[in-house]
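Hi there,

I am handing this structure over to you, as promised. Have a look at it first, and then read my notes below.

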Amino acid sequence: MQPVYPPEADTYRKTVREFLADNLPNDWRGIGAYEGEALERFVAEWRVVLHKNGFLAPDWPKEYGGGGLSSLEMVVLNEEFARAGVPAGAANDVFGIQMLGNTLLRWGTEEQKTHYIPRILSGDDVWCQGYSEPNAGSDLSNLGLKAQLDGDQWILNGQKIWTSAGHLANHIFTLARTDPDAPRHKGISFLLVDMRQPGIEVRPIKMISGESEFNEVFYTDVVVPKENVVGGVNNGWAVAMTLLGFERGAAAAVNSIRYQAEFDRLVEMTRAYGKAADPKIRQRLAWCHTRVQMMRFVGYRTLTQFLRGHQPGPDAAISKLLWSEYHKVVTELAMDIMGPDGLVPTGRMPSSAFGADDPGAPNSTNSWAMTFLNARAGTIYAGSSQIQKNIVGEMVLGLPKEPK
Ligand SMILES: Cc1cc2nc3c(=O)[nH]c(=O)nc-3n(C[C@H](O)[C@H](O)[C@H](O)COP(=O)(O)OP(=O)(O)OC[C@H]3O[C@@H](n4cnc5c(N)ncnc54)[C@H](O)[C@@H]3O)c2cc1C
């Protein structure tokens, strides 16, 4: 089954392909072919090209520096970028553009939009996400970061944890308790915090892979202007949920393209190890193939809903659950195929700690071993698998709520 697009999609597809042909190197094989400094340089330069052409936030209104694309054009662009294996932005853009920017367009005041949106796109403001705390992960509404109003400013004291790419950011959007006496969900506000002040301390956390991708962030008398609340004081829960929908849902329509490319690399590696005739390996590969096909069909459904103007909501939990649980299994299979080689990994490291390695990446043992270790994290961040199942049960299928 292939989706049927209206003719204007073909016209726009041609435009995107021409843009890619004009702007990518002639020998382009996908961003996975780059590593180290060459990778950093390419991503930085590519981000500028995307920004200049309105492709960094393609569906945002032109008045805010976006591309003003229709939903259909946006779908075509995402598909072509995923197929070509080009990045949609830099590492922290997932926080600045996908999460915060989209949320500001929905909830921000005009002043917040005109101040922050251009600075997100230019790369002057680099964002990270301050939701989780040591006692508030799945149970996010238990958060305790304290914000007290003192004249025209909020004073913040407390701690966040698991802050991805916090060491690369200069701003953090954060959930804080602004009314300790209100019921849990009703005393929270969504605040925009400048990290360039002495009260903010960022401490790296070392992961099983040896990398330090996330951090603890400590707040001591951190100052936030009063007007930096998004969506109204004590209304942060609704804003936070809007943002989580963008975090979980955005990639669903093109997920399968990336996971198909990864699966093709795995089949190639199975042949290289002389294991393609092993019936047990074949059976496991077949299972993986069916999962990627399921992602494709879930992607089509997301795409159809998106074209009808439906924004990602609780149903985004379905694709989050599907890809993250799949990724644990497929990377474990890769480890079994590599055998002892997987224990002494060599070659190129994956450029991203999350999801499949980049398109065009060579089949290095490091690529598979590191994605194997990182795959566990996929079933935890953006809400654990158990929480996704609760969301699907209660909010998508309408089953009774679990007892509290
Ligand atoms: C790689 C990575 C990056 C992250 N990046 C960020 C970031 O940038 N910013 C940020 O704010 N946070 C981030 N997080 C934190 C992430 O959102 C939390 O880890 C996640 O929400 C789970 O919370 P927790 O770790 O406190 O686990 P807990 O909530 O303590 O859960 C422990 C276990 O109990 C289960 N459980 C909990 N409640 C229920 C329930 N009601 N029903 C069934 N089972 C339940 C969970 O599924 C899990 O298996 C990141 C996490 C990871 C792994």
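Here is what I found, going from the domains to the ligand and then to the helices.

First, two points about reading it. This is a predicted model, in which local features need pLDDT of at least 70 and side-chain atom pairs count only at pLDDT 80 or more, while totals for chains, interfaces and linings use all residues. Residues are numbered from 1 along each chain as its sequence is written.

The protein chain is divided into domain 1 (7-90), domain 2 (126-235) and domain 3 (251-396); these bounds come from an automatic or database domain assignment. Taken over C-alpha atoms, the centres of domain 2 and domain 3 are 31 Å apart. Their contact takes 5 residues from domain 2 and 6 residues from domain 3, where contact means that two C-beta atoms, placed from the backbone, lie within 7 Å.

Now find the ligand. It is surrounded by 19 residues, each with its C-beta atom, placed from the backbone, within 6 Å of it. The closest are Y131, G137, S138, S384 and Q386. Domain 2 and domain 3 each give at least three residues to this shell. Strand 1 (127-130), strand 3 (153-164) and helix 11 (385-396) each supply at least two. (Helices, H or I with at least four residues, and strands, E with at least two, are DSSP runs numbered from the N terminus.) By class, the shell has 7 nonpolar, 11 polar and 1 charged residues. Here Ala, Val, Leu, Ile, Met, Phe, Trp, Tyr, Cys and Pro count as nonpolar, Asp, Glu, Lys and Arg as charged, and the others, Gly among them, as polar.

Next, the helix pairs. The axes of helix 1 (residues 7-23) and helix 3 (residues 71-84) come within 9 Å and cross at roughly 40°. (Axes are lines fitted to C-alpha atoms, for helices over the stretch in contact, and angles run from 0 to 180 degrees between N-to-C directions.) Helix 1 is therefore oblique to helix 3: angles under 35 degrees count as roughly parallel, over 145 as roughly antiparallel, 65 to 115 as roughly perpendicular and the rest as oblique.

Helix 4 (residues 93-107) and helix 5 (residues 110-122) pack at about 165°, with axes 10 Å apart, so helix 4 is roughly antiparallel to helix 5. Among the residues in this contact are I97 and L100 of helix 4 and Y116 and I120 of helix 5.

Enjoy exploring!
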